[in-house]
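The exercises below are meant to be worked with the sequence and the coordinates open side by side. Try each task before reading the solution under it.

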Amino acid sequence: MSESQLHAVLEKHILSWKDWVTNYFPQQHPKMKQSQAHPLPCYRCGKIKSDINPCTYHEDMYILSVPTKHVGLVMGKGKTKLLQILSSSGLSRLTVPNTAAEQADLELKGVPAAVVAAEEMIGRAVQRQVRLAPGMWRCCQRGVWVGGCKTCLVHVMDTVFMDKELLMETKECASDSETTKVFALDCEWVYTSRGGELARVTVLDCAGAVCYDRLVLPPRAVRDYNTRFSGITHQSMDGVITSLREVQLDLIKIISSKDIIVGHSLQHDLQALHLVHRKVVDTSLVFPHKDGLPKRNSLRFLAKHFLNRSIQEEPKGHDSIEDALACLDLMKLKI
């Protein structure tokens, strides 16, 4: 299939105006007012940004061992119990490994109060079968009530920073008025005192070849490299001088307003890029969760389920090339 044919087929999957607006894709002149945001707590310690005390936190997961034969009690039918624990406790993540060992090490991610609540709920779920030993933080091998083993002077918000004054919009290329292209996009971000800021951007062409891949230096000091998910480390940023504005200027030379961008939960990537682009195809909406919105399938699940491909399994973090390619291949499969 040629690129123009692919573009034509993907047209029907472009987000409607309503979906584009309600999912808060960047806009130069928003036509829908966003609700007043409440102060976001620090995702590491749970305190609000204005708290004058330092951020004291654990840098890794909390590990709770459960006999493998009783893991089903934690999961529940159709993962109903697992989802209940997640929503009620306030955890940001609860991972149950698929293991043949006698003990399954559950990974709990969240602020200490959420971890305490989740541990109590898991204990109650299996209490008729077994009494669980207390878990411990993987980073310091200490119990749940022990204070954080790391300290930072500022609190970090788990949200992508976006300033409307920095927005740039893709434009139609006069020289290529008859040419339409398809790109796959994925970004990674690190956390500064303002929230998530762009640290890497990858663009693939319709064949899956890399046509742009850059590390980006945030204007403010990095407080958390979020390596487990971003794949970005302090060492990988050594010598990086590329700015957000340089990346924006590069991208509007590559991507025109008529081109289609494919990605997963693309609003976050375009927010990090401060890039306004209307023609987007979002795999998180094209492949909806069986329970409907606001739940969304993860890209990792979609790649495994539809492509029989394992992604995001490297301990060094996500790979934006791998993620962008998965999005592109999912859409090719869909059509």
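**Exercise 1.** Is Glu107 buried or exposed?

Some conventions come before the solution. The structure is a predicted model, in which local features need pLDDT of at least 70 and side-chain atom pairs count only at pLDDT 80 or more, whereas totals for chains, interfaces and linings use all residues. Residues are numbered from 1 along each chain as its sequence is written, and side-chain values use heavy atoms, with hydrogens and water left out.

*Solution.* Begin with the scale: buried means under 20% relative accessible area, exposed means over 50%, and partly exposed lies in between, with a 1.4 Å probe and protein chains only. Glu107 has a relative accessible area of 14% and is therefore buried. Next, place the residue: Glu107 is found in strand E4, where strands (E, at least two residues) and helices (H or I, at least four) are DSSP runs numbered from the N terminus. Finally, list the neighbours by contact, that is, heavy atoms within 4.5 Å. Leaving aside residues within four places in sequence, Glu107 is in contact with Met61, Tyr62, Ile63, Arg93, Leu94, Thr95, Arg138 and Arg228.

**Exercise 2.** Find the salt-bridge partner of Glu107, and then examine two further salt bridges of the model.

*Solution.* The criterion is a side-chain nitrogen of Lys or Arg within 4 Å of a carboxyl oxygen of Asp or Glu, and by this rule the count comes to five salt bridges.

- Glu107 is paired with Arg138, their closest N and O atoms being 2.7 Å apart. Arg138 lies in the loop between strand E5 (136-137) and strand E6 (150-152), while Glu107 belongs to strand E4 (residues 103-109), so this pair ties together parts that are 31 residues apart in sequence. Arg138 is partly exposed, because its relative accessibility is 31%.
- Arg194 and Glu197 meet through their side chains in a salt bridge of 2.9 Å, N to O. Arg194 is partly exposed at 22% relative accessibility, whereas Glu197 is buried at 6%.
- Arg309 and Asp329 form a salt bridge as well, at 2.7 Å from N to O. This pair links distant parts of the chain, 20 residues apart, with Arg309 in the loop between helix H10 (299-307) and helix H11 (320-334) and Asp329 in helix H11. Arg309 counts as partly exposed, with a relative accessibility of 27%.

**Exercise 3.** Which strands stand at the edges of the sheet with the order E3-E4-E2-E5?

*Solution.* This is an open sheet of four strands with antiparallel pairing. Strand E3 (93-95) and E5 stand at the edges, and because each has a single partner strand, one side of each is left without a neighbour in the sheet. To check E5, turn to strand E2 (residues 62-67), which pairs with E5 in the antiparallel sense over two bridges; two bridges is also the least number that DSSP must find for strands to count as paired. Within this pairing, Tyr62 stands opposite Trp137 in E5.

**Exercise 4.** Describe the five-stranded sheet and the helices that lie across it.

*Solution.* The open sheet has the order E10-E9-E8-E11-E13, and its pairing is mixed. Strand E10 (210-215) and strand E13 (280-282) are the edge strands. Strand E11 (residues 260-263) pairs with E13 in the parallel sense over three bridges, and Val262 has Val281 in E13 as its bridge partner. Helix H1 (residues 3-10) lies across strand E8 (182-192), E11 and E13, and runs at about 70° to E8. Helix H8 (residues 266-273) lies across E8, strand E9 (195-204), E11 and E13, at about 65° to E8. For these angles, axes are lines fitted to C-alpha atoms, for helices over the stretch in contact, and angles run from 0 to 180 degrees between N-to-C directions.

**Exercise 5.** Which residues does Val247 touch, not counting residues up to four places away in sequence?

*Solution.* Val247 has its place in helix H7 (residues 244-254), and it counts as buried because its relative accessibility is 0%. The residues it touches are Leu198, Val201, Tyr212, Val216, Thr242 and Leu273. For Tyr212, which is 35 residues apart from Val247 along the chain, the C-alpha atoms of the two residues are separated by 9.6 Å.
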